[in-house]
Structure formats: C-alpha cells, structure tokens
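Dear colleague,

I am handing over the structure below, and my notes on what was found in it follow directly after. Please read them with the model open beside you.

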Amino acid sequence: MKARISLLLGSLSAALIAFALASPRVVAADKVDPVADAKAFQNFFFQKFPTVKHEDFVNGPYSVNEDMKRQWKEKEEFPPYEFALDAGKEMFSTPFKNGKTYADCFPNGGIGIRQDYPYFDTREGKVVTLELALNRCREANGEAPYSYVKDEMASLTAYMAFTSRGKPMNIKIPDDPRALEAFENGKRYFYSRRGQMNFSCASCHVQSPGERIRAETLAPALGILNAMPIYRSEWAGMGTTSRRFVTCNSQTRAVPLEPQADEYRDVEYFLSYVANGLPISGPGARP
Amino acid sequence: MASSIRVRATNNGDVTEVQALIQHPMDTGLVKAPNGELIPAHFIQELKFECNGKDVFVANWGTAISKDPYVKFSFKGARKGDEIKISWTDNKGGSDTTTAKIA
Amino acid sequence: MSTTMSAAMKRTLAISMLLVASFALSPARAATEADYKAAYATADAAAKEAAGLRNQWTVTVTALAAAKKAADGGDFDRATAAANEAEALARASIFQAYSEKEAWKAMEIR
C-alpha cells in the first residue's frame, strides 16, 4: 500500500515536471520570437551533427559527408564558378549608360555587404533581397532588369558574395510588426508541405540532411543560403537563390512561384536570419 | 575578353602538376534548343600542352567531354620558371592559346 | 471437371462477368463533348482555386493540358478521364493547402 502511494506520488510529480517543461514551449509557439527560433534552429543542427564545426555548415553537403568533402577541397583549388566570378567583377565595375555604377546603389560601394541581405525595408514594408536590389538598381539607372535565376544575376551576386566571404551573416529584424510577420510567413513557407510529393523544404533539409535523395546528398538547411549563388554541375552553370527555390518547388511537383515572389522573399529572410553568425561562403560549388 | 583558359602549374622539384579549366560550350549536336531546333555540334577537337618546345600532353577530344572541361595531369622534366603553352582548336575552327609560368 | 466450384473460383467468375458486362456496355457510355466540357469546367474551377491558394501542382496543369489535347483530337473518353484526374489532383492540392495552415507546426524546430 505504501509502495503504491509513493509510486503514485512519483508519477504525479513526474507529470508535473513534464508539464512544467512543456508549457513554456507551448507559449513560445504562439508568439513570434525570432531569437529563440534561431537558437533552436542552430541547436538542432549542432546536436544532429555534433562533430561538424559550426562554421562548416555553410558548405552544404560537404559538411556532413567526408568523401564529398575531400573531392570538393580539391575542386576548390580550381573552382567551376571562376568564370562567373570574373564576369561578375567586370560587370560590377562597368558603368551604366548614364555613367553610374552598381557601387552607387549600395552601401560601402557594394563591397563586403552580402551578409546584410536580405533586409527588411520599413518604407516598403517588405523584404528586399540582394537580387531584387540589383535589379532595382538597374531599373533606376534606365537599364533593363536581368533574369533572376542565372547568368548575369548569378555572376553579379557571385562577385558580391566573394567580396564578403567569411563575414558572419547579419540579418536584422527591425522593430516593426510587418517584419515579424515576414519572418513568420517565411517560417511557415519553409515548413509547409506542398506539391504532389507532399514535401516541405524541411522534409529534406531538416529531417534528412546528409541522407541521399537519388544520387544527391541533401544539404542541411542551416547556412544553406550562405553559399549562394552556386555553380551546380547538374545545371552545368550558375544559379541564384531564386533558382534554387524554383527548382526545389518543381521537384516536389508544385508549380513554382515567380522569382522574388513575396513568399520567396520571406523564406529567404527566415533562412538567412536563422543562419546569423555563420560566415558567407558564396559563391559555392555543388554537384 | 579574358582568356578562355585558366592554368595553374606547380613544380615540387621532380614532378610538375598542371591544372587547367577551359571555357567552352562542348555542344554534342544532339541537344535541342528551347525552340526545338538542334544545337549544332561545337566541341574542342585538339588540346595541347607544350613545355620547352615539346608536347607534354595532347588530347584528341570529341563530344563526350563535358562543358567547361577541367584537366589535371603531371609530368617530369620541367623546372620552376619554365613556360608552359596551352592551346585548343575546335570543330568550327575556333582556337585559343595562353601561356603560364611553372610555379 | 465437376460441377462444384470453389468460392474463389466463383468470385473470379463473378468479377470477370462484371468486367465483360462493363465492356459490353461501354459504347453506350462513351463520353460526349458535353461530358468533357462539364468535367473540364469543374476541373478548371478547382485548379483556379488551388492557384488562388498559391498551391497549384504541376501534375494538375499537365492533366488539364492533356484533357484539352485529347478533346481537340476528338477523343472525348480520354479527355473526360484526364479532366476528372485533373479535378481530383486539384482537390487534393486544395486539401493540402488548407490542412497545412495548421499542420506545418508539427515539423517546426522549437
């Protein structure tokens, strides 16, 4: 009888402790707390891959696959994005017809600023990505905008990322309810299943990084945008963040949104924010 | 216009290791453009590396080589400071040449 | 052979008779242009709803295009079948869009 009571008391206290542990989480889920989200997001990957150095997550699949990493290190001596990088450098310094340059559109002349993008524009009330800012710069100077997915846009962002290599991602969420909303929308987009395959971004890049999907090794979501733009051997060319989102969508058999749609801008904002503190490694090379 | 060839050659006393990256579409002639028409074959036929007047690496290529090909090989008999000359010609008569010093 | 049949054989026979019957009836059930038009209109409306939810599936678009193509070729059986498939896919994508409004939280890292 006595043993039974103590058992009962024991389980009651265990339940109370469990409740006490669980309840702050429930509260946290109901209000938007980007700081806590980023911490939880990073911890998830740090615990899943305890041997991977934190700053190494920005190297995608190479961070979690030793064999691929060896091959990639050799490739990095002569990276396939080199031509795009040179082209980007030349384009960046070539003036527009009106004599102005890209440098006039960006803080610090556009050098070493990749880590600050995307940012929340409090005047527009929306997220502004680097690709968007580049095309707005072109249009403001009377030039036709570039395609968001590859070629010139990828070359330009490759050069801008290269000048920012090693700088920690530094995304800010200003004190504006719309910025919090953009972050929350991006988070929801990231975790929502879509397409006939019923996959969310997280199905692959949170639940299965390091695992194979057909012949590819999936990259961890943490720091995945720090390496953008990328040269993908599969594409035999460069691709931007927009291209990555669009192709991920169509692979799940969802009709992709238009590049730089609000949803894509928000998910880029979310993914970049949770990678705050991790270094820029772009332009990257992926199989 | 920058050269279509990037070279890096290093000598460790005995062996010279050469790496090169060449920008070329390497079209096979079997792929269709978005408008449905075949993209005509356009590929490097001969790639040559010369050092001190001697051929050290000659390749007869076809359409099975990838776009923007990368080549790596090593050879003996060269010294630091020697010049290495790289040239390619393609099936449309295009060509390019560049030189690099062995480091 | 005896006249006795096992239960399984009886079932097989019954199914094959049903199949034969359905084949025999099929000419009478061939889809008309009107059938196709009705099926396509429903499918198209469902697809538009999915697109409005920003959750269109590529396979819905493909099935709708296949329906149109078959109808242009006068094959209304195939066109109607494709339109019905498109509608089913569109409905599934609509269901997905609504259920994910809450279900996404299950995957969230906290």
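In this predicted model, chain C meets chain A through 15 residues of chain C, which are in contact with 23 residues of chain A. Two elements of chain C, α3 (58-72) and α4 (76-103), each give two or more residues to the side that touches chain A, and α3(C) gives the most, with three residues. Sorted by class, that side of chain C has six nonpolar, four polar and five charged residues.

The two helices just named also pair with each other. The axes of α3(C) and α4(C) come within 8 Å and cross at roughly 165°, which means that α3(C) is roughly antiparallel to α4(C), since angles over 145 degrees are counted that way. The crossing of these two helices, α3(C) and α4(C), is left-handed. On the α3(C) side the residues that meet α4(C) include Val59(C), Ala63(C), Leu64(C) and Ala67(C), and among their counterparts in α4(C) are Phe76(C), Ala79(C), Ala86(C) and Leu89(C). By class, this contact of α3(C) with α4(C) has 14 nonpolar, two polar and two charged residues.

Chain A is also in contact with chain B, where seven residues of chain A meet nine residues of chain B. The side of chain A that touches chain B has four nonpolar and three charged residues, and no polar ones.

Within chain A, I would draw your attention to helix α6. This helix, residues 151-162 of chain A, has 12 residues and reaches 16 Å from its first C-alpha to its last, close to the 16 Å expected at 1.5 Å a residue. Helix α6(A) is mostly covered, with 10 of its 12 residues buried, and among the buried ones are Met153(A), Leu156(A), Tyr159(A), Met160(A) and Phe162(A). The elements of chain A against which the buried residues of α6(A) pack are α4 (82-93), α5 (130-140) and β6 (237-239).

For one of these partners the geometry can be given in detail: the axes of α4(A) and α6(A) come within 7 Å and cross at roughly 90°, and therefore α4(A) is roughly perpendicular to α6(A), a description that covers angles of 65 to 115 degrees. Residues of α4(A) that make the contact include Leu85(A), Lys89(A), Met91(A) and Phe92(A), while those of α6(A) include Glu152(A), Leu156(A), Tyr159(A) and Phe162(A). The residues of this contact of α4(A) with α6(A) divide into 10 nonpolar, two polar and two charged.

Chain B, finally, has zero helices and seven strands, and its C-alpha atoms fill a box of roughly 55 × 25 × 20 Å along the principal axes. Of the 103 residues in chain B, 17% are buried. Among the contacts in chain B with a separation of 6 or more, 52% join residues 24 or more positions apart.

One residue of chain B deserves a separate look, namely Met26(B), which lies in the loop between β2 (15-22) and β3 (44-51) of that chain. Met26(B) counts as buried because it has 21 C-beta neighbours inside 10 Å, where 20 or more are required. Leaving aside residues up to four places away in sequence, Met26(B) touches Phe43(B), Ile44(B), Ile65(B), Ser66(B), Lys67(B) and Pro69(B). The C-alpha atoms of Met26(B) and Asp90(B) are separated by 9.1 Å, although the two residues are 64 residues apart along the chain.

With best regards

Conventions:
Residues are numbered from 1 along each chain as its sequence is written. Chains are lettered from A and ligands numbered from 1 in the order in which they are written. This is a predicted model: local features need pLDDT of at least 70, side-chain atom pairs count only at pLDDT 80 or more; totals for chains, interfaces and linings use all residues. Two residues are in contact if their C-beta atoms, placed from the backbone, lie within 7 Å. Ala, Val, Leu, Ile, Met, Phe, Trp, Tyr, Cys and Pro count as nonpolar, Asp, Glu, Lys and Arg as charged, and the others, Gly among them, as polar. Helices (H or I, at least four residues) and strands (E, at least two) are DSSP runs, numbered from the N terminus. Axes are lines fitted to C-alpha atoms, for helices over the stretch in contact, and angles run from 0 to 180 degrees between N-to-C directions. Angles under 35 degrees count as roughly parallel, over 145 as roughly antiparallel, 65 to 115 as roughly perpendicular and the rest as oblique. A crossing is left-handed if the near helix is turned anticlockwise from the far one by less than a right angle, and right-handed if clockwise. The expected span of a helix is 1.5 Å times one less than its number of residues.
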